[in-house]
Amino acid sequence: KKGMMQLYQHHWIIDNMPVTWCFPIEENKKYCNPGFPIGCYVGPDVHENEQYACRQNPEMEKNGFYLFNHVDITITYNDGEGENWEGARLVAAKLELKSIKHLSKDHLKCDEGPPMKIPDDPKDNLEIIYSYSLKFEKNNNIKWASRWDYILESMPQTNIQWFSIMNSLVIVLFLSGMIAMILLRTLHRDIARYNQFDSSEDAQEEFGWKLVHGDIFRPPKKGMLLSVFLGQGTQIFIMTFITLFLACLGFLSPANRGALMTCAVVLWVLLGTPAGYVSSRMYKTFGGEKWKTNVLLTALLCPGIVFADFFFMNL
């Protein structure tokens, strides 16, 4: 019951393809979710997709917990006719949810039956029988290279919001222009005042931008941490850029599960040299002398924080 209220879901994979559960949304469109709920709660505070799953069976009573213990799986395949491969390839995997209270394992009725309701206060051990049905459909119109399209097209958040992008771009350009005009006017006024002084005595008095020239080249108080974080940031930036570049070229296919994360981790390890160079160079510029501490912190500080975070979360 706690899992149903917290929207726990099953995630199944067949041939590196997620088994999707499709349900209708607004404007006569369908949303294909790569996971499906373990059950539903029939009540006022129910998630939208679970409301649809619960409405499929009119026998479900209000204020009750029902378990989805039966799925009808439909596997769509391309038999390779006219293609350059032998055999068939899976191009889609969908399922439909049902809640059926099976009487026994020997007498399964997957088409009809009362819903599987979870008792409010179960006194004995509750026996749950899970079942499934499997159906294969041939569809040569779906190419294997574009088998993810029906999932991506059904997700509303994947559509590029051009209006929001242009709005943000205009705001950034407008604010940047305002700041640039303010800086130019201030600098122009200060430079004009500097040019009015001819004698050296008047030039000794500093004002305007000259008041901060000493702070520009003063090393920061936490130069060690700043240099370490600059080195780590350089490492992460180069890793992200190379990973996205390889993904755009098609070397990291979603069909190969874990390829993106593996590539990112390997690149992060190999890019330790640029991180060490940037960190040590900045630390030397700040006039630091504890170069051994800088080397150890660059190599261990950020990875140690991440490792400790995941370690304690998995206790």
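These legends describe close-up views of a predicted model.

**View 1. The whole protein chain, as a guide to the close-ups.**
The protein chain has 315 residues, and 26% of them count as buried. Its fold contains 10 helices and 12 strands. The accessible surface of the protein chain is about 22800 Å². Carbon and sulfur atoms account for 61% of that surface. Take the contacts in the protein chain between residues at least 6 apart in sequence: 65% of these join residues at least 24 apart.

**View 2. The aromatic pair of Trp12 and Phe36.**
A pair of aromatic rings is described by the distance of the centres and the angle of the planes. The model has 5 aromatic pairs. One of them joins Trp12 and Phe36 in an edge-to-face arrangement, with 5.0 Å from centre to centre and 90 degrees between the planes. Trp12 sits in the loop between β1 (9–10) and β2 (13–14), while Phe36 belongs to strand β6 (residues 36–37), so the pair ties together parts of the chain that are 24 residues apart in sequence. Is each ring buried or partly exposed? Trp12 has a relative accessible area of 35% and is partly exposed. Phe36 has a relative accessible area of 2% and is buried.

**View 3. The aromatic cluster of Trp21, Phe23 and Tyr31.**
Phe23 and Tyr31 form an aromatic pair that is edge-to-face. Their ring centres are 5.6 Å apart, and the planes meet at 75 degrees. Phe23 and Tyr31 are both buried. Which residues make up the aromatic cluster? Trp21 joins Phe23 and Tyr31 in one cluster.

**View 4. Arg89 and the ring of Trp144.**
This view shows a charged side chain and an aromatic ring. Arg89 lies over the face of Trp144. The distance to the ring centre is 4.8 Å.

**View 5. The salt bridge of Arg147 and Asp15.**
Side chains of opposite charge can pair when their charged atoms come close. The model has 4 salt bridges. One of them is formed by Arg147 and Asp15, whose closest N and O atoms are 3.6 Å apart. Arg147 is in the loop between β12 (131–138) and α3 (149–154), and Asp15 is in the loop between β2 and β3 (17–18), so this pair ties together parts that are 132 residues apart in sequence. Arg147 is buried, at a relative accessible area of 2%. Asp15 is partly exposed, at 45% relative accessibility.

**View 6. The salt bridge of Lys98 and Asp72.**
In this salt bridge the closest N and O atoms of Lys98 and Asp72 are 3.2 Å apart. Where in the chain do Lys98 and Asp72 lie? Lys98 is in strand β10 (residues 89–98) and Asp72 is in strand β9 (residues 70–78). The pair links distant parts of the chain, 26 residues apart. Lys98 is partly exposed, with a relative accessible area of 25%. Asp72 has 19% relative accessibility. Residues under 20% count as buried, so Asp72 falls in that class.

**View 7. The salt bridge of Glu137 and Lys135.**
Glu137 and Lys135 form a salt bridge, with their closest N and O atoms 3.6 Å apart. Glu137 counts as partly exposed, at 35% relative accessibility. Lys135 also counts as partly exposed, at 44%.

**View 8. A nonpolar surface patch that includes Leu175.**
Which residues make the nonpolar surface patch? Ile171, Phe174, Leu175 and Met178 make it, and its area is about 390 Å². Among these residues, Leu175 lies in helix α4 (residues 162–196). Leu175 is partly exposed, with a relative accessible area of 44%.

**View 9. Leu226 and its surroundings.**
Leu226 is part of helix α7 (residues 223–249). At 37% relative accessibility, Leu226 counts as partly exposed. Which residues does Leu226 contact, leaving aside its neighbours within four places in sequence? Leu226 is in contact with Pro220 and Phe286. Another residue to find in this view is Met282, which is 56 residues from Leu226 along the chain. The C-alpha atoms of Leu226 and Met282 are separated by 8.4 Å.

Conventions
Residues numbered from 1 in each chain as written. Predicted model: local features only at pLDDT ≥ 70, side-chain atom pairs only at ≥ 80, totals over all residues. Heavy atoms only, no water. Phe/Tyr/Trp six-rings, centres within 6.5 Å; stacked < 30°, edge-to-face > 60°. Helix = DSSP H or I, 4+ residues; strand = E, 2+ residues; numbered from the N terminus. Buried < 20%, exposed > 50% of the residue type's maximum accessible area, 1.4 Å probe, protein only. Lys NZ or Arg CZ within 6 Å of the ring centre and 35° of its normal. Patch = residues over 30% accessible without salt bridge, like charges linked within 9 Å, V, L, I, M, F, W, Y side chains within 5 Å. Areas by Shrake-Rupley, 256 points an atom, 1.4 Å probe, with all protein chains shown as cover. Salt bridge = Lys/Arg side-chain N within 4 Å of Asp/Glu carboxyl O. Contact = heavy atoms within 4.5 Å.
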